[in-house]
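Thank you all for making time this morning. I would like to walk you through one protein model, and I will try to keep to what the coordinates can tell us.

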Amino acid sequence: MTQPLPSTSDLTIAPRREPGVGLRWPVRAGCATACSVAAAGLLLATLVVLVGWATTVRDGSGASDLLRTAGQLWLLAHGVSLELADGRIGLTPLGLAALPVVLLVRSSGQAARRCRVGSPRAALALALTVAVPYALLAALVSMLSVSGAVRPLTGQALFAGFAVGLVGAFAGSLRPGRVWRAAWLALPGRLRRLIPAVAAATAVLLAGGALVVGGSLALHLGLAADLAGTGKPGIGGGVALLLLGLTLVPNAVVWGASWLAGPGFAAGVGTTVGPFAHELGPVPSFPLLAALPAGGVPGALALLSLLLPLAAGALAGRLVQGQLGGSASLRRTAVEAASAGPALGLVWLPLLWLAGGPVGGARLSVLGPSPRHVAFALTAEVAVGAVAAALLLRRRSGSGGGGGVAPVSP
């Protein structure tokens with residue numbers, strides 16, 4: 001005896017629970033990722049300190065002192081300041097700061113695959129499960145790394161650990177399964193137009209800063225060699241000096257971009273290195289500082305230096321207008337192009353803050369660009385260049401017979 005099959009309206013399908021959100025397994029995976037990344041970073045820092053300790057004159061330091069120094073180096077890579085008896089170390093080597101971010105991206109990507117993360121929300125949840133224990137580990141390392149002369153700031157370590165952990169883990173969690181594409185499409189249309197423009201302008205500014213620093217250093221190679229030989233560091237000290245210089249190259253590039261922006265940067269208390277003002281006294285015997293100009297530049301060359309930020313803004317405006325198309329109104333084109341300036345200023349604020357900072361007390365308590373002044377200058381220059389380029393391109397596309405591209409989603 002046969003029975004009729006049930007209709008499709010009688011069939012109920014149990015909703016499939018989102019993998020990777022609110023489950024015990026992602027929490028465990030996040031904690032394991034945070035611990036493994038922190039352990040790997042501390043191990044690398046310990047190896048660096050051990051190499052430096054083995055190749056220099058030993059001062060009777062024991063294993064506990066070596067481990068504390070490694071912890072302080074690891075914290076410095078996260079932007080944590082170190083309080084000294086006569087000052088503070090707040091200058092973050094940006095080349096060294098890239099190390100924990102890379103480790104977090106790789107390990108979080110592996111954890112996202114195991115947890116089958118399939119949406120931006122799940123990626124954010126996994127990133128939080130990494131960032132919270134990572135911040136607690138950073139605070140613990142800061143408390144264990146206190147020595148007689150150096151004291152890391154625990155509150156800053158907690159905040160920096162969470163920020164670095166969240167950014168690195170979220171970026172890594174978006175990689176598997178192209179989840180980043182869904183996250184990108186979830187953004188508002190105006191933001192999707194703004195991000196590529198700001199990224200392109202940032203690339204132009206960094207390239208200009210690299211050319212300024214590289215060109216100046218090439219002109220002063222003899223002075224750099226003399227500074228490297230000061231104090232006769234030996235083979236081990238020379239290698240350590242080279243590695244330190246390489247980690248500070250990104251800082252120098254940001255300083256070069258700050259010079260092009262106009263405000264410039266400080267190389268000590270009471271100093272100014274910029275195209276419109278130059279006042280420089282004695283500087284530390286560090287090879288990378290040989291790139292500092294001995295004097296100011298002519299007024300015409302100073303004005304020409306501002307062309308690069310304006311060109312960066314013009315590129316941003318071209319990208320914004322290209323996505324808006326010729327059918328967008330004049331006001332909308334100008335507003336969206338001008339918004340590239342404040343957006344770039346907000347992106348550069350933390351970069352400028354990390355690129356500078358004190359290195360001890362007395363004269364070296366002020367090093368690097370002023371985040372507020374440089375970010376304001378870049379905001380204005382990029383906004384002016386972006387609006388000028390966007391309006392000019394819109395006028396050309398309008399006079400060319402209406403061949404503009406239809407505007408994308410608002």
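**Salt bridges, sheet and surface**

Let me begin with the charged pairs: a search of the whole structure, which is a predicted model, finds four salt bridges. As general background, side chains of opposite charge can pair when their charged atoms come close.

The pair I would look at first is Glu336 and Arg193, whose side chains meet in a salt bridge with an N to O distance of 2.9 Å. This pair links distant parts of the chain, since Glu336 sits in helix α13 and Arg193 in helix α7, which covers residues 189-219, and the two are 143 residues apart. Are these two residues buried or exposed? Both Glu336 and Arg193 are buried.

Glu336 also meets the side chain of Arg332 in a salt bridge, here at 3.3 Å from N to O, and these two residues both lie in helix α13, four residues apart, or about one turn of the helix. Arg332 has a relative accessibility of 23% and so counts as partly exposed, whereas Glu336, at 2%, is buried. Salt bridges that share partners join Arg190, Arg193, Arg332 and Glu336 into one network.

Staying in helix α13, which spans residues 330-338, we also find Thr333, and at 0% relative accessibility Thr333 counts as buried. Which residues does Thr333 touch, if we leave aside its neighbours within four places in sequence? The contacts are Gln321, Leu324, Ala328, Ala390, Leu391 and Arg394. The C-alpha atoms of Thr333 and Gly317 are separated by 8.9 Å, the two residues being 16 apart along the chain.

Let me now turn to the sheet. It is an open sheet of four strands in the order β3-β1-β2-β7, with antiparallel pairing, and its edge strands, each pairing on one side only, are β3 at residues 150-152 and β7 at residues 359-360. Strand β1, residues 82-84, pairs with β3 over three bridges in the antiparallel sense, and Leu82 stands opposite Pro152 in β3. Helix α2, residues 63-76, packs on this sheet, where it touches β1, β2 and β3, and its direction makes about 45° with that of β3.

Helix α2 carries a salt bridge of its own, between Asp65 and Arg68, with the closest N and O atoms 3.3 Å apart. Because Asp65 and Arg68 are three residues apart in helix α2, they are separated by about one helical turn. Asp65 is partly exposed, with a relative accessible area of 33%, and Arg68 counts as partly exposed as well, at 28%.

On the surface, I would point you to a nonpolar patch of about 490 Å², made by Leu124, Leu128, Val132, Leu136, Leu158 and Phe162. Helices α4 and α5 each supply at least two residues of the patch, and its largest share, four residues, comes from α4. Val132, found in helix α4, is partly exposed, with a relative accessible area of 42%.

I will close with the whole protein, whose secondary structure comes to 15 helices and eight strands, and in which buried residues make up 40% of the 410 residues. Its accessible surface comes to about 21100 Å², and 70% of that belongs to carbon and sulfur atoms. Among contacts between residues at least 6 apart in sequence, 78% join residues at least 24 apart.

How values were computed
Residues are numbered from 1 along each chain as its sequence is written. This is a predicted model: local features need pLDDT of at least 70, side-chain atom pairs count only at pLDDT 80 or more; totals for chains, interfaces and linings use all residues. Side-chain values use heavy atoms; hydrogens and water are left out. Buried means under 20% relative accessible area, exposed over 50%, partly exposed in between (1.4 Å probe, protein chains only). Contact means heavy atoms within 4.5 Å. Accessible areas come from the Shrake-Rupley method with a 1.4 Å probe; for residues, only the protein chains shown count as cover. Patches are made of residues with over 30% relative accessible area and no salt bridge: like charges are joined within 9 Å, nonpolar side chains (Val, Leu, Ile, Met, Phe, Trp, Tyr) within 5 Å. Two strands pair if DSSP finds at least two bridges between them. Axes are lines fitted to C-alpha atoms, for helices over the stretch in contact, and angles run from 0 to 180 degrees between N-to-C directions.
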